[in-house]
Amino acid sequence: MAGKRWFERPDAMAVPSRESAADPATPEFYTRCPSCTELLYDEALREAIKVCGRCGHHFPLEPELRLLSLCDVGTLVEHDGHLVARDLLGFFDSKPYKARLASSQKAIGRSDAFYSASGAVWGVPVEVGCFDFRFMGGSMGAVVGESITRLYERATERKVPAIVVSASGGARMQEGVLSLMQMARTCAALGRLRDEAGMPYVSVLTHPTTGGVAASFAMLGDIILAEPRSLIGFAGPRVIKETIGQALPEGFQTSEYLLDHGMIDAIVERSALRSTIGRLLRQLLGLPALPDEGRTTGTPAPVREAGSA
Amino acid sequence: MDVTLDFERPIVELWRRIEQLRELEQSDGVSLSSSIEQLALRANELQQRIFSRLTPWQRTQLARHPGRPYVLDYVAGLMTEFTELHGDRGGFDDRAIVGGVARLRLPGTSVDGLPVVVIGHQKGRNTKENLYRNFGMARPDGYRKALRLMRLADAQGLPILTFIDTPGAYPGVDAEERGQAEAIARNILEMSRLRVPVIAVVCGEGGSGGALALGVGNRVLMLENSVYSVISPEGCAAILWRDRAEGPRAAAALRITAADCLELGVIDGIIPEPAGGAHRAVAETVASVGRALAEHLGSLSGLDGAALRAQRYDRFRSLGPVDALK
């Protein structure tokens with residue numbers, strides 16, 4: 001269970017801050033909102049956990065910031081960051097899979113696309129993890145599958161709830177049928193969490209969650225929450241369009257569409273995710289309400305709003 | 001089925017000449033038996049040579065051949081007293097997946113007469129049938145029907161046999177609307193918890209999540225010329241090389257053949273097909289599958305519910321080895 005505390009890692013927050021470096025009309029240290037074109041100061045955008053202050057557009061969120069935004073201050077202990085993929089297929093497209101892995105690892109500073117940790121939300125100990133979409137589209141190969149499986153197994157062993165935040169294009173083609181098997185590996189472990197620990201699992205769907213990730217643990221939450229306007233579905237919109245040969249309905253495969261069709265429990269703005277999960281977990285586990293609605297969480301220091309660490 | 005694949009042509013050509021000689025023999029009353037014998041020998045040699053070095057793409061074509069046996073052919077050949085059970089109890093009956101209860105007929109084996117729940121993808125053999133069966137591409141309703149039948153088997157202690165043959169789960173608006181992803185996910189999870197023996201046979205195309213949704217077995221077997229993949233070769237090629245015509249290249253890169261899957265640990269055994277492929281000798285293929293089912297069901301007969309569940313868990317838990325950095 002031993003892992004490094006994030007705050008002891010000097011590089012923990014050293015993530016690229018520019019969101020649109022190629023745009024010449026966007027000055028240094030600023031990002032343009034792709035939704036409303038507002039110019040946003042990078043530091044302020046990070047303070048707002050990457051949500052546009054003007055239109056509410058949710059930018060992709062780095063895993064470090066994601067988990068800090070969800071968990072109580074000082075509670076996060078990372079796991080399984082040392083796992084690395086094997087190239088069992090010897091896969092080669094325009095470049096070898098090994099080279100693809102190496103360049104993602106170098107660019108992002110992580111071994112693969114999933115970040116998991118023990119932590120607490122509103123004082124409830126949890127096992128939590130999230131995808132890094134920047135790493136090969138958040139695709140799930142054996143390392144991601146193993147990390148998520150271990151997350152559920154740790155939660156089962158410790159009898160604590162599990163939380164997984166998804167952002168993934170699905171299974172990782174470069175690992176072939178073994179990546180498909182990660183769907184079974186993870187779901188089986190999730191089954192044990194229910195059978196043996198009886199603990200709830202909260203699945204948070206963010207933009208985008210599709211393919212083999214959607215068709216496994218992501219859609220199996222006891223509670224399924226989605227960030228607004230995220231693309232969520234099994235098949236990609238392009239594939240469906242090609243199959244049926246006609247235009248797709250307005251808003252198809254968005255969070256709002258899934259809510260309308262009974263597929264998710266609620267759409268929750270990023271800034272409200274922590275309080276929503278904290279409140280629900282305390283209720284589901286029969287714990288007393290927090291007197292100040294979770295603004296303090298059993299840790300001596302008051303917790304500032306998410307993203308302020 | 002009268003579909004001849006490109007690489008089968010030289011063999012089929014020889015057979016046609018043999019057939020012509022036979023007709024000549026009949027009509028003219030001359031003996032051509034030595035020529036026929038020679039040609040037959042050549043045809044067999046050629047067939048063996050071609051089939052001993054099939055490329056992954058050629059196997060993909062065989063796996064998709066409309067003359068291959070589908071689930072209802074296995075039911076007809078290996079079982080009696082089949083009652084098809086319909087519907088997901090949510091408003092739909094998906095005809096791309098059929099299921100029901102039947103009795104195994106495998107004379108001389110320990111499982112002869114055993115009641116089982118059988119479930120599988122059913123493709124059509126022509127356009128009309130394929131429209132009816134939606135080309136073996138199930139909607140969520142099909143997976144929910146399958147789950148309902150698996151729960152019935154679990155409650156009554158009946159073994160479950162699944163026959164997997166699908167290009168993939170159906171990518172359509174109605175399928176998404178009714179929760180394709182959730183239906184597949186639910187099946188995968190629930191299959192992992194079953195307390196009865198589950199044997200999954202990939203008998204044609206093992207197309208991604210739509211295949212795995214029937215594929216979480218204590219034993220997973222593949223017919224010799226079937227394929228099992230995370231994405232169709234064409235789909236993979238479209239993403240990697242922006243060209244669906246590069247399917248053959250993707251088929252090789254993805255390692256989708258039975259031999260590859262066995263090497264990767266994804267399956268437990270390969271069921272041999274008759275010379276020339278399953279579509280050339282359906283009854284023989286069905287019998288070959290019957291022998292494998294008897295063997296593997298027999299090997300699971302000593303395990304109780306908890307052991308079956310644990311064995312299945314461990315089986316899938318170990319798939320996908322990773323390395324650890326120092």
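**Notes on the predicted two-chain model**

1. Starting with chain A: H2(A) and H9(A) pack with their axes 8 Å apart, at an angle of about 45°. That angle falls outside the roughly parallel, antiparallel and perpendicular ranges, so H2(A) and H9(A) are oblique to each other. On the H2(A) side you'll find A:Arg66, A:Ser69 and A:Leu70, which meet A:Arg270, A:Leu273, A:Arg274 and A:Ile277 of H9(A). By class, this contact has three nonpolar residues, three charged ones and one polar one. Bear in mind throughout that this is a predicted model.

2. Stay with A:Arg274 for a moment, since this residue of the H2(A)–H9(A) contact also has a salt-bridge partner. Which side chain does A:Arg274 meet in a salt bridge? The partner is A:Asp72, at 3.0 Å from N to O. A:Arg274 sits in H9 (residues 270-284) of chain A, while A:Asp72 is in the loop between helix H2 (63-70) and strand E3 (77-79), so the pair ties together parts of chain A that are 202 residues apart in sequence. Over all chains, the structure holds 46 salt bridges.

3. Some backbone geometry in chain A to look at. As background, most residues other than glycine have a negative phi, and most peptide bonds are trans. A:Thr37 is not a glycine, yet its phi is positive, about 65°; this residue is in the loop between strand E1 (30-32) and strand E2 (39-41) of chain A. A:Trp122, also not a glycine, has a positive phi of about 55°, and its place is the loop between strand E5 (114-121) and strand E6 (124-131) of chain A.

4. One peptide bond also deserves a look. Is the bond from A:His207 to A:Pro208 cis or trans? It is cis, with omega near -15°. A:Pro208 belongs to strand E8 (residues 201-210) of chain A.

5. Now the interface. The size of an interface is often given as the accessible area lost when the parts come together. Here chain A and chain B bury about 4800 Å² between them, with 69% of that on carbon and sulfur atoms. In residue terms, 56 residues of chain A are in contact with 51 residues of chain B.

6. How many salt bridges are there between chain A and chain B? The count is five. As a reminder, side chains of opposite charge can pair when their charged atoms come close. B:Arg309 forms a salt bridge with A:Asp195, where the closest N and O atoms are 3.1 Å apart.

7. Over in chain B, helix H6 (residues 140-156) and helix H8 (residues 180-192) pack at an angle of about 20°, with axes 8 Å apart. Angles under 35 degrees count as roughly parallel, and that makes H6(B) roughly parallel to H8(B). Their crossing is left-handed. H6(B) contributes B:Pro140, B:Tyr143, B:Arg144, B:Ala146, B:Leu147, B:Met150 and B:Arg151 to the contact, and among the H8(B) residues are B:Ala183, B:Ile184, B:Arg186, B:Glu190 and B:Met191. The split for this contact is eight nonpolar, two polar and five charged residues.

8. The other chain B pair is helix H4 (residues 71-78) with helix H13 (residues 282-300), whose axes come within 10 Å and cross at roughly 75°. With 65 to 115 degrees as the perpendicular range, H4(B) and H13(B) are therefore roughly perpendicular to each other. The contact is made by B:Asp73, B:Tyr74, B:Gly77 and B:Leu78 of H4(B), together with B:Thr285, B:Val286, B:Val289, B:Gly290 and B:Leu293 of H13(B). These residues divide into five nonpolar, three polar and one charged.

Terms used
Residues numbered from 1 in each chain as written. Chains lettered and ligands numbered in written order. Predicted model: local features only at pLDDT ≥ 70, side-chain atom pairs only at ≥ 80, totals over all residues. Heavy atoms only, no water. Axes fitted to C-alpha atoms, helices over the stretch in contact; angles between N-to-C directions. Helix = DSSP H or I, 4+ residues; strand = E, 2+ residues; numbered from the N terminus. Parallel < 35°, antiparallel > 145°, perpendicular 65-115°, else oblique. Left-handed = near helix turned anticlockwise from the far one by under 90°. Contact = heavy atoms within 4.5 Å. Nonpolar A, V, L, I, M, F, W, Y, C, P; charged D, E, K, R; others polar. Buried area = accessible area lost by both parts, 1.4 Å probe. Salt bridge = Lys/Arg side-chain N within 4 Å of Asp/Glu carboxyl O.
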